[in-house]
Amino acid sequence: MLGTRRLCRILCLSTTFLLLGSQLAISAVTPEDDVEKGSLNKPERLDWFRDQGFGLFIHWSVDSQLGVVISHSLVGASPEYTDRFFGDLPKSFDPHEFHPLDWARLAHLAGIRYVMFTTKHHSGFAMFDTATTPFGIMNTPFHRDITKEVFDAFRSEGIATGVYYSPDDFWWLHQHGKTIQRSVPGVQPRNNPGLMQYDQTQINELLTHYGKIDALFLDGEADGLRDLAWKLNPDIVVTRGAIKTPELTIPGMPIPGAWETCMTMGTAWQYQPQNEHYKSGGELIRMLIQTRAKGGNFLLNVGPKPNGELPIEEEERLREIALWMFVNSDAIYSVRPWVITNEGDTWFTKKKDSNTLYAIVESDTPWPRATWKDFTLHSVHATDKTEVSILGQSGQIVEYHAEIKPESSWHQEKDGLHIRAMQAQRLQDNFRWPNPVVLKITNVEPAFAPPHVQTIGSIAEPSGQQETLQGNVLDMGDSSSLQVGFEYRPILGEDVNSRSSPWIATPIQTIMKPGPITAHIEGLSPKTTYEFRAVIHHPLLALYGSEISMKR
């Protein structure tokens with residue numbers, strides 16, 4: 001058993017590492033990436049947000065009728081296309097199969113705790129009743145306030161409500177003779193007083209006409225809008241615009257505090273009937289698990305069809321997630337990261353107010369029912385009060401096998417906690433439920449001190465042909481030697497939050513003591529923004545420093 005001093009040392013080291021990593025990341029990136037600066041998110045509300053863990057993103061707008069990328073087709077479009085988009089699409093938008101209570105009941109079954117609805121995307125089409133523009137749902141054949149109906153339905157199922165809102169507005173730009181585009185100063189609200197006032201009026205409508213709004217996702221520059229939101233509702237949690245919200249990627253290490261990863265079910269945010277490839281339900285469950293193991297919230301997107309129905313592919317995946325969450329949601333709600341995120345294919349979450357640990361066992365092959373498996377968890381040390389069970393199971397009986405008692409057992413050895421467990425519950429007819437099984441382990445402590453690394457910065461060589469990456473190994477943990485290096489990748493995607501490129505590893509070096517580490521890389525594109533992170537290749541898993549961007 002770990003002594004109190006050693007346990008304190010481990011936890012303090014972990015906290016120090018996270019804080020140092022965060023501070024260095026902030027100092028190394030541009031001011032617009034410093035999203036937490038000036039935040040008025042209340043600590044207790046951020047804690048509430050972290051407890052929820054699992055949200056539903058809904059991307060839906062007038063151009064879902066075309067099966068086109070939401071809003072962005074207007075950038076660089078011809079005058080004819082633009083006129084048809086703004087003038088003709090609203091005339092045919094009539095989602096007559098829109099039944100939001102069906103969405104909400106399915107979301108509740110899937111374990112969704114909050115919804116984030118696109119009240120207005122970049123095109124400017126308002127999915128709510130607004131006095132600011134005719135370009136909205138109230139000037140369509142449907143002529144009903146979709147946002148109100150969505151929020152009413154989800155609240156009836158006990159699901160918190162969140163507003164997605166884009167400060168960018170292509171309709172407003174078009175009306176004022178400005179070129180439709182994003183991410184350039186000339187079209188931002190801060191440089192267009194009329195657009196800022198327009199946005200502020202809409203935010204005021206959304207936060208005063210629709211009851212209590214729990215969260216706000218500002219998909220663009222948040223200046224002038226997030227402070228208005230906090231003024232109107234001091235308890236609102238501003239996500240994008242005040243915390244980290246990576247898209248289509250899960251960070252390599254826990255990010256300090258509250259954060260949220262946004263993930264599509266396929267490749268598109270909005271409904272696309274063709275040229276789409278969906279992730280499997282199992283893939284999405286594993287992404288949820290890994291996000292929670294790293295301390296983040298998982299915001300999973302759906303894109304309703306233009307008639308108001310969810311695509312069958314998305315419904316099927318939500319139902320697969322529903323079964324897994326029905327059995328295992330204790331490992332997802334109100335949890336925080338363990339001392340390490342995973343040991344190979346076993347991922348950890350820990351109840352925030354107790355010493356209960358969840359070991360979530362992933363596998364490329366299903367765990368056959370009525371078979372024993374043995375595990376050794378090197379990072380876990382049991383106490384005399386430890387108990388081990390499998391979530392969803394009684395541990396007393398296996399159907400059709402009266403001779404078997406599937407009770408889990410354990411014993412502590414020098415190399416870790418040894419567990420023997422049986423998958424005993426029949427969840428599908430073929431007896432081969434393919435998704436992760438969760439071990440619940442009570443009253444445990446960390447068994448070792450992991451090493452810690454921080455990412456510091458980068459230096460461009462005078463020739464411009466080479467970049468030197470800098471990091472620092474803060475602590476060796478319990479290791480006498482470590483293999484260390486860096487990973488880097490170009491930042492590609494719709495904006496700086498999106499990631500679609502794989503990491504590229506630098507050569508590995510071995511160190512025998514804490515201290516600075518460097519790596520030299522060549523052949524980077526001169527006008528491309530990259531991000532990089534330091535990495536320790538520990539025998540149990542890779543441990544990362546914070547991701548830092550470098551602009552060339």
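The exercises below work through a predicted model of a single protein chain, from its overall dimensions down to individual residues.

**Exercise 1. Determine whether the radius of gyration of the chain agrees with that of a compact globule.**

Solution. Begin with the expectation: for 552 residues, a compact globule would have a radius of gyration near 24 Å. The chain has 25 Å, which agrees with that expectation. Then add the extents along the principal axes, where the C-alpha atoms fill a box of roughly 70 × 70 × 45 Å. Finally, consider the contacts between residues at least 6 apart in sequence, of which 72% join residues at least 24 apart.

**Exercise 2. Describe the secondary structure, the burial and the surface of the chain.**

Solution. The secondary structure comprises 11 helices and 27 strands. Of the 552 residues, 57% count as buried, while the chain exposes about 23,000 Å², with carbon and sulfur atoms supplying 51% of that area. As for charge, there are 50 positive and 65 negative side chains, and the centres of these two sets lie 4 Å apart.

**Exercise 3. Identify the residues with the most contacts inside the largest nonpolar core, and list the sequence-distant contacts of Ile58.**

Solution. The largest nonpolar core has 89 residues, and those with the most contacts inside it are Ile58, Trp60, Ile146, Phe154, Leu216, Leu318 and Trp324. Taking Ile58 and setting aside its neighbours within four places in sequence, one finds contacts with Trp103, Val115, Met116, Phe117, Thr118, Phe154, Asn301, Val302 and Pro304. Phe154 thus appears in the list of residues with the most contacts inside the core and among the contacts of Ile58.

**Exercise 4. Locate Leu248 and Phe431, which have positive phi values without being glycine, and classify their exposure.**

Solution. Leu248 has a phi near 60 degrees and lies in the loop between β5 (237-238) and β6 (260-263). Its relative accessibility is 29%, and because partly exposed covers the range between 20% and 50%, Leu248 falls into that class. Phe431, with a phi of about 65 degrees, is found in the loop between β16 (416-423) and β17 (437-441). Since its relative accessible area is 31%, Phe431 is likewise partly exposed.

**Exercise 5. Name the buried residues of helix α2 and describe the backbone just after this helix.**

Solution. Helix α2 spans residues 43-52, and its buried residues are Arg45, Leu46, Phe49, Arg50, Asp51 and Gln52. Just after α2 comes Gly53, whose phi is positive at about 80 degrees.

Terms used: Residues are numbered from 1 along each chain as its sequence is written. Side-chain values use heavy atoms; hydrogens and water are left out. Helices (H or I, at least four residues) and strands (E, at least two) are DSSP runs, numbered from the N terminus. The radius of gyration is taken over C-alpha atoms; the globule rule is 2.2 Å times the number of residues to the power 0.38. Buried means under 20% relative accessible area, exposed over 50%, partly exposed in between (1.4 Å probe, protein chains only). Contact means heavy atoms within 4.5 Å. Accessible areas come from the Shrake-Rupley method with a 1.4 Å probe; for residues, only the protein chains shown count as cover. Lys and Arg count as positive and Asp and Glu as negative; His and the chain ends are not counted. The place of a charge is taken as NZ of Lys, CZ of Arg, CG of Asp or CD of Glu. A nonpolar core is a set of buried Ala, Val, Leu, Ile, Met, Phe, Trp, Tyr and Cys residues joined through side-chain atoms within 4.5 Å.
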